[in-house]
Amino acid sequence: MPGTISALQMPTDRDHVACLSNEREIMRTSHGVNNGVVEPNFAGNQRLLVVANRLPVSASRKGDDWSLEISPGGLVSALVGVKEFDVRWIGWAGVNVSDEIGQKTLTKALDEKNCTPVFLDEETLDQYYNGYCNNILWPLFHYLGIPQGNGLATTKSFESQFAAYHRANQMFADVVNEHYEEGDIVWCHDYHLMLLPKLLKDVNSRMTVGWFLHTPFPSSEIYRTLPSRSELLRSLLAADLLGFHTYDYARHFVNSCTRILGLEGTPEGVEDQGRLIRVAAFPIGIDSDRFINALDIPEVQENIKTFQEKYAGRKVILGLDRLDMIKGIPQKLLAFETFLEENPSWRDKVILVQIAIPSRTDVIEYQKLKSQVHEIVGRVNGKFGSLGAVPVQYLDHSLDFHRLCALYAITDIALITSIRDGMNLVSYEFVACQDANKGVLILSEFAGAAQSLGAGALLVNPWNITEVADSIKKALTMSGEEREMRHQLNFEHVSKHTSQVWAETFVREFNVTVVEAQLRTRQAPSDLSETNAIERYQQSNNRLLILGFNSTLSEPVDTQVNEKYLKLHPALQQPLTELCNDPKTTVVVLSGSTMASLEENFSEYNMWLAAENGLFLRTTKKDWKITMPEHLNSKWVDCVKNVLEYFAERTPRSDYTVRKTALVWNYEHADPKFGSLQAKDMLQHLWTGSTSNSCIDVAKGRRSVEVRPAGVTKGAAIDRILREVFHSVSTTTPVDYALCVGNFLGKDEDVYTFFEKESDRLKPSRESLQGILDLKEDNYFSCAVGKNQTKARYLLPSQHDVVSFLKKLADAATPNGSLSKP
């Protein structure tokens, strides 16, 4: 997709990657394609509901009337280029309106501007915006950490701030739901509305929702310090598409989902219970034509002449920033001071024009920053200035657009030293105005723009004062040819990747994502019809229930100390008892777990246990039987054990289990990223090392690696299990109902297809069971738990759904009939 970076290179299995590739190929054959981009067909213009904290208007009240002024630039100009949508804005109008008449008149006035207001009461606004957004999320996302001490004392407790944040997001959701029409696309913006996607989806799951973050997203080590970390991530994952400025920010988000929520990262985004949430990078731009064309305006030309005369004989270095901790203004001034110290010949030939636009002037930290900056400016001017000129010209107010463009045009060096910045579009604006002057851009590597303009800019670490000072000298002495080359690289990017292109690309990717999700939905099995399954169960005479253990009948892993010690879900004790005591029903727990593990959990039930993928079998009333095929051998075990032991020792919080016929290395509780890398190395050892010629199969699980004899799968064990089960009893009634539920490894999913008539590979085994099986098509239910990519007919989304379904099935069990109990 042009303009996006969606290849988040996370560990993933090759089958899943191939599946995604096939889906995109299907889309190319079923939709129009323009340069590899799917062009959805629109029946008339769709509506794009743009939901942001602030509406792009300034409102002022005069009696019962309102004066509105649309704010230029930003998202407004970006969405001008989105032709196929009718855009409507939803957000706070920037004024507190408590009376009903004022709200009605403002709503009516804004409606003419395609805007819909969200009215926030003063208390909620203060705690939501000044509290949680600006006091918690903003510092955290810019690596300043969660404020402590006086920072939190200025507002109420964290809990009350988050409660207000939730309340405000709900207010936004209510307005969106009120104005939403079928077919609309909802595009949410920024950290102010992180709870909004889930609040919208909870009301209407079919609503198409996207979210874009205009700040950095911090690394998982920083983000995990946030008390409400999981709730915010879960809320965002309700969206269909999540957008970030850069690949790094997108990667940090995926890593946070992996480390905090335990979800799987893929090249496309995040997988959550079989659902793929697309995560991609969309670098934003500016309306470059607005700046380029402004240079021809007479007023701008006049300002250019004025500035040229004022700074004649001196090179101009420009700094333009909000007065904020993240902008690195003290670092910039210290670097300029160091440059003047080390290069006395330049002291009368260069001037730093620093514009620091005040922000949050009522916050103590910002007041201290202002004092620090003024102190450094005074020291530098006192040390290196003269009666005729000073090296630093400092302004604490903004310039109007025409004067700003003129200043950009005559600047020789733009110096941007942000210590953390989502994008920093000042660098883009400078480049757009420099076609004649070919000025040099010195850009912090911690600004998002560094990933877009890094080829033409001089990238610096703002914390390295000497490096920044050296870069100033390099820029001042750079040859004309190099300045031309660097500027051309940047100018091509700025003029091509405009804000309009950014918006068009996001919206287009939005539509592709929706179509892909629809394709996946069609390809994935449908959810189990519990009513149908129960009705068929009641009508049958001899039922076979084959149930997995891990992630099916077990407690959720995160409630257990270690996955080796699986425990039966407590809520299933009564349903299993009822099902096992039903004389028409035979229950088989088929698992890769050890005999001891199954005995510990199921010995009190009247059922069959099939341990280690069915190689060991017993009823809970008799001893274990070995059903192992004759060709199996265990010569490979010691060699594989050494490999697993090696990786277990070098991967903290991982372990391995030695079973009778298999070995399993588990890294469920290890660091997800490191565990995945170690798993890749282990697979390489097993596939190419001393065991490569052994007769073994290596099965990669979600966070495990299992090594077993070749050909040993749950599906291959079914015929042996059925023979043992039904030869141990006297019955003439064949199985006429089968239910198979589990969360099995890919290699074991042949258990689902064993009973399918079209499964040619297992046809001989199935035909040899005549008299035991008499399954009609509609009486077989295979269900995968929590995974969409499966060979099963149906889905049960989670272990909770398994519990709920088995309870209903147990309630439907009849007390009389049947011959299949041992």
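In this predicted model, Arg-61 is partly exposed, its relative accessible area being 34%, and its side chain meets that of Asp-99 in a salt bridge with an N to O distance of 2.9 Å. Asp-99 likewise counts as partly exposed, at 28% relative accessibility. Because Arg-61 belongs to strand β4 (residues 57–62) whereas Asp-99 sits in the loop between β6 (85–92) and α3 (100–111), the pair ties together parts that are 38 residues apart in sequence.

A second salt bridge is formed by Asp-671 with Arg-259, for which the closest N and O atoms are 2.0 Å apart. Here Asp-671 lies in the loop between β27 (663–666) and α25 (672–688) and Arg-259 in helix α10 (residues 247–261), so that parts separated by 412 residues in sequence are tied together by the pair. Both partners fall between the limits of 20% and 50% that bound the partly exposed class: Asp-671 has a relative accessibility of 32%, and Arg-259 has a relative accessible area of 25%.

A further salt bridge joins the side chains of Arg-278 and Glu-268, with an N to O distance of 3.6 Å. Arg-278 is placed in strand β13 (residues 275–281) and Glu-268 in the loop between β11 (264–266) and β12 (269–272), and the pair therefore ties together parts that are 10 residues apart in sequence. Arg-278 and Glu-268 are both buried. Elsewhere, Glu-337, Glu-341, Arg-379 and Lys-383 are joined into one network by salt bridges that share partners. Altogether, the count of salt bridges in the model comes to 31.

Helix packing was examined for α22 (residues 573–581) and α29 (residues 799–812), whose axes come within 9 Å and cross at roughly 40°. Since angles from 35 to 65 degrees are neither roughly parallel nor roughly perpendicular, α22 and α29 are oblique to each other. The crossing in which α22 passes α29 is left-handed. On the side of α22 the contact is made by Pro-575, Glu-578 and Leu-579, and on the side of α29 by Leu-806, Lys-807, Leu-809, Ala-810 and Asp-811. When these residues are grouped by class, the contact of α22 with α29 comprises five nonpolar and three charged residues, with no polar residues.

Methods
Residues numbered from 1 in each chain as written. Predicted model: local features only at pLDDT ≥ 70, side-chain atom pairs only at ≥ 80, totals over all residues. Heavy atoms only, no water. Axes fitted to C-alpha atoms, helices over the stretch in contact; angles between N-to-C directions. Helix = DSSP H or I, 4+ residues; strand = E, 2+ residues; numbered from the N terminus. Parallel < 35°, antiparallel > 145°, perpendicular 65-115°, else oblique. Left-handed = near helix turned anticlockwise from the far one by under 90°. Contact = heavy atoms within 4.5 Å. Nonpolar A, V, L, I, M, F, W, Y, C, P; charged D, E, K, R; others polar. Salt bridge = Lys/Arg side-chain N within 4 Å of Asp/Glu carboxyl O. Buried < 20%, exposed > 50% of the residue type's maximum accessible area, 1.4 Å probe, protein only.
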